[in-house]
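Hi,

Here is the model we talked about, ready for you to open. Could you have a look at it alongside the notes below?

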Amino acid sequence: MLDFIIILPLLVVGAGAIALMLLASMENLSEGSTALVSIGIFAFAFAVQLMVSVSGNVAPYETAFSGMLTASTFTKVAGLIILACGLFSCMIAQTYFTQNKFSSPEFYSLMMFAASGMLLLTMAAELITLFISLEIMSLAIYVLVGYDRSRIKRSEAVLKYLMLGAFAGAFFTMGAALIYGGAGSTRFALISKYLATNSFLESPVLVAGTLLVIVAFLFKVAAFPFHAWVVDVYDGAPLPVTGFMATGVKTAIFAVFANFIVLDNGMKGVWVDYLFYVAVFTMFAGNLIAIGQNNLKRMLAASGIVHSGYLIIALVAVGTENFTGGVIIFYLAAYAAATLGVFTALAYLGGTDERRDSFDDFKGLAKVRPYTAAAITIFMLSMAGIPPTAGFMGKFYIITDAIRADQMLLAVLGIVSSILSMWYYLRLVIMMYFKEPEESFEVSGVSLAPVGTMILAVSVFAIGFYPVFL
Amino acid sequence: MFENTLSIMIFLPIVAGLALMVLPVGREAARAAGLVVAVLVVILGLKVFINFTGAGGLEFVEKTSWFAYVGVNYSLGVDGISLLVLLAGACLFPMVYLLLKTKSKGFYANLLLTQGAMIGAIAAADMVLFYIFWEVMLLPIFFMIGLFGGPNRLPATLKITLYTIAGSLLMLAAIVYVGVSYHAQAGVWSFDIAELSKLSLTGPAATAAFIFFMVAFAIKIPLFPFHTWLPDAYTEAPTAATFVLSAIMAKIGVYGVIRFVLPIFAEDFTRYALILCYSGVIGMMYCGIAAIGQKDFKRMLAFSSASHMGIIAVGVFCMNLQALTGTLYQIVAHATSTGVLFLLLGIIEERMETRTISDLGGIAYKAPIFAVFFAVAMLASVGLPGTSGFIGEFLIILGAVKFNMMVGVLAGTTLIIGVCYMLWMFQRVFFEKSNTRTEGFKDLSAIETLTILPIVVLIIVMGIYPQPFLARITPAAAEHLAAVSTVQQQLADTTVPVMEQTTQKN
Amino acid sequence: MEHTVSYLVLIPLLPLLGALLMGLMYLVSCKGKAFPEKIYGIIACIGPALTFILALKVYFGLKGLPEDSRYLVQDVFTWIKVGDLDISMGFFADPLSSLMLLFVTLIGTLIHVYSVGYMAKDENFGKFFAYLNLFLGSMLILVLGSSPVVMFVGWEGVGLCSYLLISYYSTETNNVIAGNKAFIVNRIGDLGFVLGMSLLFWAIGSGGFDYMSLRANAEQIGPGVGLAICLLLFVGATGKSAQIPLYVWLPDAMAGPTPVSALIHAATMVTAGVYMVARFSFIYAEVPAAGTVVAWIGILTALLAAIFGCFQRDIKKILAYSTVSQLGYMFAGVGVAAYSAGIFHVFTHAFFKALLFLGAGSVIYALHHEQDIWRMGGLKNKMPITYWTMLIGCLALAGCPPFSGFFSKDEILFMALASGHGGVWLVGVLVAAMTAFYTFRMFFVVFHGKPRDEHAYEHAHESPKVMTVPLIVLAVGACFAGYLNIPSIFGGHLGVSHWLAPSLTEHHPHVSVWLEVLAVATSIAAFGCGIFFAWKKFYVATAEEPFYTGLANFAYNKFMVDELYHYLLVVPYKLLGTAISKSIEPFVTDGPVKVVVWLYGALANAFKVVQVGYVRVYAIYMVIGLSVLSIFISRSLNL
Amino acid sequence: MIANYLSLSVILFCFGLLGVISRRNVFTVFMSIELMLNAANLAFVALSRLHENMDGHVLALMVMAVAAAEAALALAVVILLHKHKGNLDTNVFSLLRG
């Protein structure tokens with residue numbers, strides 16, 4: 001019975017998804033109410049997850065469902081972040097669809113499917129579950145990316161994402177097969193037990209399998225050199241989907257990545273060396289791409305690459321003491337809040353067909369809409385890691401972990417990269433504040449996104465000042 | 001009453017600034033509000049100064065646990081090192097509100113924010129807290145330059161922001177390194193400055209951390225050759241922001257060196273002190289000579305300020321009591337003198353709508369009070385005895401002579417270099433014949449006179465009767481140096497046996 | 001504590017308060033109605049007069065004390081206390097400072113009175129007297145400071161006042177430049193002072209940094225450090241007292257009003273260097289080598305300035321160079337360890353040089369600010385008081401017995417000879433002859449012969465009483481000041497030297513009377529020669545300015561030293577300043593930053609090529625990444 | 001014995017991989033990916049026999065199901081792309097770049 005409690009939020013979201021899909025057949029279902037219903041479902045699931053996490057009578061599980069799932073504070077908080085991402089993505093979608101007409105109830109249903117996949121992914125403790133949840137999430141996202149069939153940009157994005165995603169999926173499958181071949185089981189607990197008695201390096205099959213699985217993960221988090229798709233896909237995807245992908249998917253993947261990499265100390269020891277280079281190159285490649293961008297979504301995608309780099313630093317440093325994953329989770333929360341904040345703002349500022357999407361389109365925003373400009377500034381500062389925002393504390397923890405793990409060089413390179421990233425974050429701030437406005441940024445219709453922007457702006461500080469996740 | 005004076009000093013301006021941003025108030029109301037807050041902060045600052053006992057150690061301590069996971073506390077306190085910096089940060093702001101007018105509401109909000117953050121950085125007794133305020137104090141400056149600055153403000157604001165953020169992010173790595181080292185040694189997490197000061201770190205990683213700290217502070221001070229952001233930023237910034245930058249923010253850089261680098265990296269500091277000294281004196285000479293080549297009044301003062309910061313920094317690197325005390329004293333002395341200079345320049349700029357030196361002339365005849373105030377500040381800036389500038393510069397040169405004769409001689413040239421450009425400027429702006437432009441220059445009004453008068457009097461009082469200030473800072477400075485001198489002693493002890501060993505081998 | 005008195009602080013304080021009061025009055029009157037000159041005049045003169053009375057009180061106070069402990073101190077408050085460095089804002093009077101005090105306050109008072117007449121109807125009357133009082137206050141701090149640092153306050157204070165007063169007529173650019181020059185050159189000297197002071201502190205300052213303690217500990221100074229300290233302090237002295245190589249500011253300083261030239265640039269401030277060396281006699285006595293340097297620099301300065309003096313045409317410039325020359329004598333005196341002789345020359349020089357300047361001022365005033373001697377002439381009849389007082393002054397300056405200058409100069413030359421500095425003595429005698437020559441060249445051209453500018457001559461008239469009375473008082477001083485220190489050869493007993501003995505560390509060499517006779521005889525002969533040539537050449541009605549060629553022209557142009565300094569120091573300095581701001585700053589120091597930024601931008605643009613947009617290429621990237629990672633892995637597996 | 005199965009599996013996987021990176025037709029690419037998945041399936045089944053547990057079989061079944069879902073999606077995309085450009089060359093779809 002307790003086993004079911006930990007997947008309760010998952011059940012809520014999944015049930016919501018199915019219910020909404022069924023409801024979609026009703027003809028008089030208004031679009032606004034769908035959004036509200038889905039927001040409600042996400043909020044409810046969030047509350048349930050919160051209860052599951054906080055309430056004291058649920059003991060922390062080591063394993064559940066005979067080792068299929070694992071549950072710890074780490075996974076629970078990751079779940080919380082994912083659900084919050086879903087919630088705000090729905091807000092974005094609501095506003096987005098007041099200006100872009102290709103909505104249908106299934107859109108929200110797919111978001112919930114994706115969210116349930118992500119939730120499952122955070123908890124996955126077995127290769128089969130991992131594979132299934134990965135695919136649940138991915139398939140839903142593929143559909144969402146190409147949801148607007150009328151525009152070739154979206155179709156191109158889905159082509160790229162689907163093709164490369166499936167390619168990476170194939171890597172994962174092959175890797176899973178090899179791990180299974182090496183360790184004789186698909187369950188993490190048993191693999192771990194096997195590795196405890198046999199050295200990781202003495203089993204080439206296992207090493208090759210791990211390599212393939214990690215490559216699949218690196219692809220999903222857009223680490224160098226598997227990052228190339230992310231800019232194009234984020235650019236091509238509809239705004240709410242981009243926001244959800246950037247935050248939810250990243251959270252889920254990093255959660256499972258961390259769970260996977262701490263399987264065995266020997267294995268981690270091998271991978272740390274390579275992840276070091278991956279992290280460095282990811283950060284610098286992301287920076288280089290981001291600087292060249294004029295489109296905000298592309299810039300944010302590229303900056304997402306950089307943030308993946310920081311998170312990989314955290315992975316490198318993982319497990320110097322008892323693994324809690326607090327650092328990763330904190331960073332993800334900070335990153336998600338800031339990114340979603342920008343996307344909520346873009347949702348109502350973007351206008352019809354995402355008309356305003358480049359840096360130049362936001363000239364003088366501060367003079368017309370000072371509060372939004374201030375909020376966006378806060379998000380930018382948080383992403384850049386300037387105190388007193390959450391982004392700073394996130395970066396601070398990552399650096400602390402890295403230095404504690406004797407990765408001084410990595411920490412310094414991370415710092416250098418965040419210096420370089422100031423370039424494009426400040427560029428937007430400069431556009432908004434120091435240039436004269438050229439238009440009035442009018443917004444039509446009732447929308448929830450401004451509310452979301454403000455909530456997130458506050459939460460950027462709140463997360464920074466009250467680190468509940470640790 | 002007021003158990004948490006420091007917190008009030010920090011958050012009163014910050015809250016007021018945020019409120020001004022959000023609330024729909026007019027420009028004059030904002031200015032009045034800013035003035036009221038600034039005056040309140042002055043009162044609190046004086047209260048701290050007067051009640052400060054100077055017994056050594058932190059006073060006015062506040063401490064609340066914050067990020068228990070890594071031992072970060074919200075803790076504040078003042079000791080002899082920070083007292084005078086705090087005083088400068090607290091007491092100079094009312095002038096800005098009273099003297100400079102044509103700015104918008106947002107400007108005053110930013111000014112309030114930056115004041116709060118600066119006081120926070122000065123009063124922070126926790127390294128991470130210090131870092132947070134350190135970064136926060138830059139942001140309002142960024143907006144002030146970018147929104148209200150001169151024609152070339154964009155590159156200037158980008159330059160200062162990127163420079164300082166680059167430096168401070170590197171410092172973050174160093175701070176974390178120090179914290180982690182403490183954790184490794186003591187087994188518990190703490191970023192408490194007093195605790196960390198007990199560390200004495202050595203080794204390559206420590207050297208790297210030392211360099212990061214120094215780069216951050218060198219950019220802020222600025223030390224040669226990290227000064228290149230300064231002329232542009234000072235020139236393009238609205239005068240109030242220039243005032244903040246030069247009078248207080250630069251001093252926090254020096255303060256940081258004394259507070260963090262000196263005790264924690266005593267060994268590296270000792271090792272590289274000579275290089276740093278030369279960096280300071282070369283910067284002093286370089287900027288001082290550059291000042292004479294300037295056509296823009298403000299740019300000239302900017303270089304002048306950089307030049308003086310060089311000499312102030314030298315006082316730290318000399319690592320003896322006289323020089324360190326001189327630096328701490330000079331922090332306030334220079335803040336007052338350069339602050340007055342920039343503010344008076346701001347008045348010239350507002351009234352004449354030009355800053356080009358050759359456009360001005362004969363102001364002394366039109367505005368004698370203005371000229372007298374300017375002259376007093378200028379003389380303090382060149383270190384004339386009887387003004388505050390002399391005490392600091394004399395102590396620094398005295399200490400530098402002890403540290404290294406060459407450094408002492410070069411540091412002493414500040415006496416000459418300073419007067420060269422200052423007199424040259426004074427001649428062309430205040431003397432010679434007045435022209436059609438300066439013909440209508442109005443002298444200071446009664447309010448303006450009364451605003452500047454206390455600072456001018458302070459400049460002179462600090463030159464004649466500095467003991468109340470010195471007595472409060474000397475014990476802390478001595479205590480601070482005690483750690484360094486043991487390290488110096490150890491270095492001296494260890495080098496001797498090594499030499500003996502080598503001779504024995506041979 | 002019989003040595004502790006409470007009135008010493010009043011001596012500098014009174015003029016300073018006067019300066020403050022008049023400064024405030026002046027500032028207030030700028031906006032409202034101006035105060036009448038009379039009020040300023042009274043306030044201005046009260047302070048100096050009172051200080052003179054106090055100086056007398058100090059003198060008699062000291063006299064009442066036993067000879068071996070003649071000093072008075074007053075510590076007002078602790079000024080700077082940092083570790084070992086403990087300096088109180090204290091004042092210290094001993095015979096040396098009391099002598100300085102007496103003549104500074106006396107001449108100061110006289111010149112204040114004179115200025116009331118000279119500066120009448122000047123629109124910035126109040127400002128002038130504020131500066132003048134400020135100067136006097138600073139000078140008295142210099143004289144009375146109980147430690148080198150307090151002395152330095154006065155030292156720089158007089159420098160500031162000198163700057164302010166030289167550039168007093170500040171609408172003229174040249175005057176301001178002259179002021180700047182004075183301040184900057186002085187600052188170069190001050191650097192030496194500060195460094196010397198610092199070295200002194202680190203050598204023996206930990207036992208107390210006042211003169212009493214320093215003197216007590218002077219023997220602990222090592223010879224090397226001692227030499228460095230002496231030379232650095234002497235650099236300070238060369239700046240303030242216009243010696244080679246820093247003398248260039250003094251002639252230009254004549255741009256200020258004439259009373260200023262008389263008070264600051266002749267009688268008092270410029271002698272501060274000599275006073276300082278005498279003050280530190282306890283260190284100089286330890287390092288004879290330093291003394292030799294001082295003596296030679298001094299006597300060479302005297303020679304150089306005398307040469308220049310022979311060719312000048314501006315009456316004030318002539319006097320300025322003669323001041324430099326006489327200062328050279330004084331340094332020669334203190335350099336050969338004849339401190340009391342040097343100080344005595346300071347004392348007499350103050351009288352006759354102030355007299356000469358005031359007399360020159362009177363002439364200039366009469367001729368409506370004409371300063372060129374070759375446009376004067378025949379003023380003897382028009383201005384009898386000025387004529388006679390000037391004559392006394394010239395005789396004293398030229399070293400004619402029995403005027404004051406003779407005794408003091410002769411004492412210096414004799415001491416140089418007696419202490420074995422024959423070279424110094426020889427040059428000194430030469431300079432003495434030249435002094436007589438150029439002094440009377442000026443005197444004859446101005447007062448004798450026929451008027452060269454008829455128009456100016458017509459309007460010339462004797463100056464008002466307020467100006468002539470100080471002239472007469474000073475003339476009396478110039479006549480008889482020398483009798484205070486008559487050497488034994490003339491039946492005296494060196495009163496001043498004995499009075500100064502407790503303050504100084506000097507040894508009187510015992511030499512034969514014949515040597516003394518020789519010295520006196522040559523001095524008189526030199527004077528005779530000089531005045532003879534001057535009489536021969538210029539005591540003719542039609543004497544005109546000669547046309548200088550060759551070496552004479554070179555000397556007329558002051559050996560091009562000013563130009564040399566200008567092109568060697570000033571121009572390169574300014575060029576460097578411009579170069580830094582124009583080229584070094586943007587390209588050299590800021591250049592690397594700009595290049596890095598540009599490179600980074602270029603790199604970012606280049607990186608765009610990688611993002612081709614072809615999905616197949618992205619797949620290839622993935623495969624490449626996989627391959628590279630595999631290679632890494634195989635390395636770990638030792639395959 | 002197992003080595004043969006695995007070798008075949010790896011060879012198939014590599015064929016698929018080469019197909020993905022060398023072919024430009026969307027259809028062919030997706031079929032290559034199917035080939036890679038099937039290579040994995042082969043490995044799973046073979047290894048399942050080796051370890052004598054059912055994990056591998058289950059995974060193989062799951063992979064098949066997922067592959068089917070992906071194929072359906074891929075077909076939809078192919079139709080979409082064909083509607084837009086009338087062409088299935090992947091290089092045609094490079095609007096998003098830089």
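What follows is a short tour of one annotated span and two chain contacts.

Please keep in mind that this is a predicted model.

Let me start with chain B. In an unreviewed entry, UniProt lists residues 124–415 of chain B as "domain: NADH:quinone oxidoreductase/Mrp antiporter transmembrane". In the model this span is 80% helix and 0% strand, and the C-alpha atoms at its two ends are 35 Å apart.

Chain B also touches chain C. That contact draws 46 residues from chain B and 45 residues from chain C. On the chain C side, at least two residues each come from helix H1 (10–31), strand S1 (72–82), helix H5 (148–166), helix H6 (173–204) and helix H24 (561–589). The largest share belongs to H6(C), with 15 residues. Sorted by class, this side of chain C has 24 nonpolar, 13 polar and eight charged residues.

The other contact is between chains D and A, with 34 residues from chain D and 35 residues from chain A. Chain D's side of it gets at least two residues from each of helix H1 (2–22), helix H2 (26–51) and helix H3 (55–85). Here H3(D) gives the largest share, 15 residues. The classes on this side of chain D are 26 nonpolar, five polar and three charged.

If you want somewhere to begin, you could colour H6(C) where chain C touches chain B, then H3(D) where chain D touches chain A.

Happy browsing, and best wishes

How values were computed
Residues numbered from 1 in each chain as written. Chains lettered and ligands numbered in written order. Predicted model: local features only at pLDDT ≥ 70, side-chain atom pairs only at ≥ 80, totals over all residues. UniProt positions renumbered as here; feature names shortened; annotations may be inferred. Helix = DSSP H or I, 4+ residues; strand = E, 2+ residues; numbered from the N terminus. Contact = placed C-beta atoms within 7 Å. Nonpolar A, V, L, I, M, F, W, Y, C, P; charged D, E, K, R; others polar.
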